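Here's a quick tour of the empty spaces in this protein and what surrounds them. Have the model open alongside as you read.

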Amino acid sequence: METKNIFLFAWEEKYLLDLELNRRKDWFISKFWTNSFFSYNNQNFSSDELSQTIYSGWLFTSKKMIVVKWLPLDTNEWNKITIETAQSFIDYFKRNWWKIPEDTILIFVSYKPDGRSAFLKLLNEIIPPTNIKTFDKLKGPNLKSFIRQQFWKIQIHELDIEYLLIKVWDDLYRLVYECEKLITRCQIKNIPTIDHEIIDHVCFGMVESNTFAFFDNLFTDKAKTLSLLDKIRDDWVNRNQFAGTLYRGLRVYLFLLDLYDQWMTDSKQIISITKLHPFIVSKNLKNINQLQKNQLQIKKFYTRLIELDASIKSWKFPDTYFRLWIKKIILR
């Protein structure tokens with residue numbers, strides 16, 4: 001027996017998943033109003049309350065949409081609902097999933113579900129394949145097509161799309177944000193075409209004050225790094241500007257480490273491949289041993305920064321969380 005009103009939204013392209021989830025939410029609310037929509041996550045999860053919401057009836061309408069984040073258990077540490085917190089609901093659901101009212105739409109969401117989870121296996125058994133929505137990372141032509149869609153009113157050539165990807169990488173939340181900045185700049189300045197120059201001007205070159213010192217001390221002196229973080233705050237540096245600077249610095253590290261892992265150590269070759277400024281390449285190659293020693297920490301920092309940025313842009317966290325969480329990342 002399977003049920004057609006239970007859905008699973010999963011896998012790691014957060015932007016596309018959130019886009020589809022919000023589309024369905026908006027459609028449902030437009031037809032049945034906000035009091036028929038319910039959302040649970042690691043901030044407000046309660047087994048008893050969730051079970052009551054799913055299985056109870058309503059006086060004026062039987063239609064309900066219930067979104068449950070982050071079940072099946074999400075291995076993304078930002079989204080964790082502990083097994084201890086969720087177990088009571090999971091046990092109840094296993095015994096009663098077939099009793100869910102037909103008018104109730106239940107959507108489970110997990111960016112990176114634990115493949116060992118018995119709850120995930122149960123959902124795969126009871127949900128029709130058409131109700132399991134997977135959102136894989138965009139790559140190659142699909143990623144470039146996504147960028148073209150952002151610039152449908154402004155011209156951008158293939159080489160400039162590739163250049164933008166080198167600068168920004170492939171996180172869609174980040175790409176959309178940078179594309180919006182480029183579009184705004186072109187509209188203000190009446191620029192008809194996106195090129196290398198405007199990409200460099202808008203997507204990079206935003207804030208340089210204190211950032212070299214910040215990265216110079218990141219792995220050697222945490223106290224100094226935190227002090228510089230406070231200095232950047234005191235200078236009223238915009239969060240988006242500082243986030244862009246962090247992305248840029250971490251990407252430089254990751255580019256160099258990846259090339260070094262492939263035995264590419266010649267600075268001219270690296271400059272040709274990455275399009276980085278010669279000074280940036282030369283400066284960081286002098287510290288390549290330190291970077292290699294901290295390679296895992298760099299990757300974790302970059303991943304957590306993306307997750308933090310996406311959470312703020314999707315309204316999961318307030319903007320004020322940014323510097324607090326950056327401090328926590330540094331101290332880990």
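## Pocket, cavity and the rest

α1 is the top contributor to the lining of the largest pocket, giving six residues. Keep in mind that this is a predicted model.

The largest pocket takes up about 720 Å³. Its lining counts 29 residues, and those closest to the pocket's centre are Y173, K313, S314, W315 and K316. Which elements chip in at least two residues each to this lining? They are α1 (14–32), β2 (37–40), β3 (64–69), α7 (172–189) and α15 (295–313). Sorted by class, the pocket lining holds 14 nonpolar, eight polar and seven charged residues.

Now for the enclosed space. How many cavities of 30 Å³ or more turn up? The count is one, and the largest cavity has a volume of about 60 Å³. Two elements, α1 and α15, give two or more residues to the lining of this cavity. Here α15 supplies the largest share, at three residues. Twelve residues line the cavity in total, and nearest its centre sit K14, Y111, E307, A310 and S311. So α1 and α15 are names to look for in both places: they appear among the contributors to the pocket lining and to the cavity lining.Here are the two spaces side by side.

| Space | Volume | Lining residues | Lining by class |
|---|---|---|---|
| Largest pocket | about 720 Å³ | 29 residues | 14 nonpolar, eight polar, seven charged |
| Largest cavity | about 60 Å³ | 12 residues | four nonpolar, four polar, four charged |

Stepping back to the whole chain, the secondary structure comes to 16 helices and seven strands. Of the 332 residues, 49% are buried. The chain exposes about 17,500 Å², with carbon and sulfur atoms supplying 53% of that area. As for contacts between residues at least 6 apart in sequence, 76% join residues at least 24 apart.

Last, a word on the cysteines. How many disulfides does a search of the whole structure find? The search comes back with zero. Two cysteines in α7 (172–189) are worth a look: are C179 and C186 buried or exposed? C179 counts as buried because its relative accessible area is 1%, under the 20% cut-off. C186 is buried too, because its relative accessible area is 2%.

Note on methods: Residues are numbered from 1 along each chain as its sequence is written. This is a predicted model: local features need pLDDT of at least 70, side-chain atom pairs count only at pLDDT 80 or more; totals for chains, interfaces and linings use all residues. Side-chain values use heavy atoms; hydrogens and water are left out. A disulfide is a pair of cysteine sulfur atoms within 2.5 Å. Buried means under 20% relative accessible area, exposed over 50%, partly exposed in between (1.4 Å probe, protein chains only). On a 1 Å grid over the protein atoms alone, a cavity is a set of points where a 1.4 Å probe fits but cannot get out, and a pocket is an open set with protein on both sides within 12 Å along at least five of seven lines; lining residues have an atom within 4 Å of a point. Grid points are joined across faces, edges and corners, and a volume is the space filled by probe spheres set on the points. Helices (H or I, at least four residues) and strands (E, at least two) are DSSP runs, numbered from the N terminus. Ala, Val, Leu, Ile, Met, Phe, Trp, Tyr, Cys and Pro count as nonpolar, Asp, Glu, Lys and Arg as charged, and the others, Gly among them, as polar. Contact means heavy atoms within 4.5 Å. Accessible areas come from the Shrake-Rupley method with a 1.4 Å probe; for residues, only the protein chains shown count as cover.
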